[in-house]
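Me: I would like a close look at a single part of this protein. Please take one pocket, go through what surrounds it, and then follow the chain outward from there.

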Amino acid sequence: MQKVFIPSARFAMNFDDEDDDDSFLDWDGFDEDYDPEEARAEMEAENRRIKNLPILRKANELMELTQAIVETINKEEDVLMMHEQMLANAMMLAPKIVGAEGGDLYTLRMENAVIIKMHARELLAQTSYCKAEKLAATAYLNVLREEIEQFRLLFVEWVNGFDKDNDAPDDWGLFY
């Protein structure tokens, strides 16, 4: 057994390799016919499926539109730095969609969905603030609001497709 002493701490860490236990690995389920090319092809197909999801495409469009709109905001008049907040909210949509798709478990998908909803609603509210403060052209903000509504409709359809039976309860009591 090797002891490691950390001078600023009053404890020792023990590293003992003699009793490593690999029993948690399911070697019986190991596929001896594993084909890395087949696995790569499956991963590429899954990546294409996710990339082509209507909700993800719309999230990317929202990001581009938001970016174009915030570039028109006069930074000196933007005392609350609304341009940065709007970008931050728009930037969170696509990664959370991808995370929900990659996680596949119902609870993880719903957690991501809640975060997506919060950011989309904040972005919508920020368009109202920008209108009230005349930070951006009303016509541009109306286009963004319409796109957020289209995103919302895609979101509802997407969330309704989640498989509630594919889950591992996390003992937090949400989404059951």
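Reply: What follows starts with the whole chain, turns to the largest pocket, and then moves to the helices around it.

The model is a predicted one. It has five helices and two strands. Read from the N terminus, the order of the elements is β-β-α-α-α-α-α. The protein has 176 residues, and 28% of them count as buried. Take the contacts between residues at least 6 apart in sequence: 69% of these join residues at least 24 apart.

Now the pocket. The largest pocket holds about 150 Å³ of space. Two elements give two or more residues to its lining, namely helix H4 (106-132) and H5. The lining consists of Lys117, Ala120, Arg121, Leu124, Arg145, Ile148, Glu149, Phe151, Arg152 and Phe155. H5 supplies the largest share of this lining, with six residues. By type, the lining has five nonpolar residues, five charged ones and no polar ones.

One residue of the lining deserves a longer look, and that is Phe155. Phe155 belongs to helix H5, which covers residues 138-160. Is Phe155 buried or exposed? Its relative accessibility is 13%, and the limit for a buried residue is under 20%, so Phe155 counts as buried. Which residues does Phe155 touch, once its neighbours within four places in sequence are set aside? They are Ile55, Ala113, Ile116 and Lys117. Lys117 also lines the pocket. Along the chain Lys117 and Phe155 are 38 residues apart, but in space their C-alpha atoms are 8.4 Å apart.

Another of these contacts, Ile55, leads to helix H2, where Ile55 is one of the buried residues. The others listed as buried in H2 are Leu56, Lys58, Ala59, Leu62, Met63, Thr66, Ile69 and Val70. Viewed down the helix axis, the buried residues of H2 fall within an arc of 160 degrees, so they line one face of the helix. They pack against helix H1 (36-51), helix H3 (82-103), H4 and H5. The length of H2 can be checked as well. H2 runs over residues 54-70, and its 17 residues should span 24 Å at 1.5 Å a residue; the C-alpha atoms at its ends are 24 Å apart, which agrees.

After H2 comes a loop. Glu71 sits in the loop between H2 and H3. With a relative accessible area of 59%, where exposed means over 50%, Glu71 is exposed. Glu71 and His83 are twelve residues apart along the chain, and their C-alpha atoms are separated by 7.8 Å.

Back to H4, one of the two helices named for the pocket lining. The same length check works here: 27 residues at 1.5 Å a residue should span 39 Å, and the end C-alpha atoms of H4 are 39 Å apart, which agrees. Gln126 also lies in helix H4. At 6% relative accessibility, Gln126 counts as buried. Apart from neighbours within four places in sequence, Gln126 is in contact with Met82, Gln85, Met86 and Asn89. Just after H4, Lys134 has a positive phi of about 55 degrees.

Note on methods
Residues numbered from 1 in each chain as written. Predicted model: local features only at pLDDT ≥ 70, side-chain atom pairs only at ≥ 80, totals over all residues. Heavy atoms only, no water. Helix = DSSP H or I, 4+ residues; strand = E, 2+ residues; numbered from the N terminus. Buried < 20%, exposed > 50% of the residue type's maximum accessible area, 1.4 Å probe, protein only. Contact = heavy atoms within 4.5 Å. 1 Å grid on protein atoms, 1.4 Å probe; cavity = no way out; pocket = protein on both sides within 12 Å on 5 of 7 lines; lining within 4 Å. Points joined across faces, edges and corners; volume = space filled by probe spheres on them. Nonpolar A, V, L, I, M, F, W, Y, C, P; charged D, E, K, R; others polar. Expected span 1.5 Å × (residues − 1). Arc of directions from axis to C-beta.
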